[in-house]
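Please examine the model below together with its sequence. The paragraphs that follow proceed from one helix to its surroundings.

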Amino acid sequence: MTIQKYRIQSATDAKFILESGLSTLESLSAALTASAPYQGPTALSTAEAAFVTSISSNVEAPNATVDAIYKTTRDAATMATANIRTLERFIGLHVPQMEDGNNFGVTVQMMMTKFLKEERERCDKVLSESSKYYSNRIQSMFMLMLPDIMYDNPVIIHWAALITFNS
C-alpha cells in the first residue's frame, strides 16, 4: 500500500469519526443513563442507600450498578482512544511542509496533535485506574473475611497475602 492510499484511508476514517460524532455522543449518553439509575440532585445519597441495602444482605454479591457503569466507561474510553489514534494518524499523514512565513496551518496541526495526545493519555489513565476497582474489591472482601477463615484455609491465606503484597 502506498503512502497516498494510507492518506486517503486516514481521511475516510477521520471523516467518519467526525460525521458520526453526534450519534456517538448520544449513544454514550444513553448507555451511561441506562447504567446509572440514580439521577438528579440526590443521586449520590440514593445510590449510597441502595448500596448499603444490597451489601447488608450479601457482601460478596457483585454490585450490578457499578459493574454496568464500569463496562460502559471502559468501552467509551477504549473507543475514544481508538478514535483519537485515528485522528492523530490523519493529522500526521497530512502535515503540510514548513515554509518561510505563513506556517499557521502547521502550528494548528501541531497544537491539535498535542491536544489529542493529552486526551488519549487521559483515556488510557481512566482505563488503567478503573480496572483497579475489582482488585480493591476482592482485597477488601478478603480483609473482611480473613479473621473468620484464617485458620481454616491456607490457600485463602496465600491468595490474601499475594493480593496485599501486590497492591
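In this predicted model, the buried residues of helix α4 are T65, D67, Y70, T72, A77, T81, I84, T86, L87, E88, I91 and L93. The helix has 30 residues, and the distance from its first C-alpha to its last is 43 Å, close to the 44 Å expected at 1.5 Å a residue. An α-helix has 3.6 residues a turn, so residues three or four places apart point the same way. Among the buried positions of α4, I84, L87 and I91 recur in the largest nonpolar core of the model, which has 6 residues: A14, I17, I84, L87, I91 and L116. Helices α1 (3-19) and α4 each supply at least two residues of this core, and α4 gives the most, with 3 residues. In soluble globular proteins, nonpolar side chains tend to be buried together. Leaving aside neighbours within four places in sequence, I84 is in contact with L116, a fellow member of the core, and also with E119 and R120.

The N-terminal end of α4 is capped by N63, a side-chain oxygen of which lies 3.2 Å from the backbone nitrogen of T65. T65 itself belongs to α4, which covers residues 64-93. Is T65 buried or exposed? With a relative accessibility of 15%, T65 counts as buried, because the cut-off for that class is under 20%. Apart from residues up to four places away in sequence, T65 touches S35, P37, Y38 and F51.

Two of these partners, Y38 and F51, also form an aromatic pair, and the count of such pairs comes to 1. Their ring centres are 6.1 Å apart and their planes stand at 90°, so the pair is edge-to-face; the class requires an angle over 60 degrees. Y38 lies in the loop between α2 (21-35) and α3 (43-57), whereas F51 lies in helix α3, so the pair ties together parts that are 13 residues apart in sequence. How accessible are the two residues? Y38 is partly exposed, with a relative accessible area of 24%, and F51 is likewise partly exposed, with 25%.

A further position to inspect is V106, in helix α5 (residues 104-130). V106 has a relative accessibility of 5% and therefore counts as buried. Between V106 and P96 the sequence separation is 10 residues, while the C-alpha to C-alpha distance is 6.4 Å.

Conventions
Residues are numbered from 1 along each chain as its sequence is written. This is a predicted model: local features need pLDDT of at least 70, side-chain atom pairs count only at pLDDT 80 or more; totals for chains, interfaces and linings use all residues. Side-chain values use heavy atoms; hydrogens and water are left out. Helices (H or I, at least four residues) and strands (E, at least two) are DSSP runs, numbered from the N terminus. Buried means under 20% relative accessible area, exposed over 50%, partly exposed in between (1.4 Å probe, protein chains only). Contact means heavy atoms within 4.5 Å. Rings of Phe, Tyr and Trp (its six-membered ring) pair if their centres lie within 6.5 Å; planes under 30 degrees apart count as stacked, over 60 as edge-to-face and the rest as tilted. The expected span of a helix is 1.5 Å times one less than its number of residues. A polar contact is a pair of N or O atoms within 3.5 Å; within protein, one must be able to donate a hydrogen and the other to accept it, and residues adjacent in sequence count only if both atoms are side-chain atoms. A nonpolar core is a set of buried Ala, Val, Leu, Ile, Met, Phe, Trp, Tyr and Cys residues joined through side-chain atoms within 4.5 Å.
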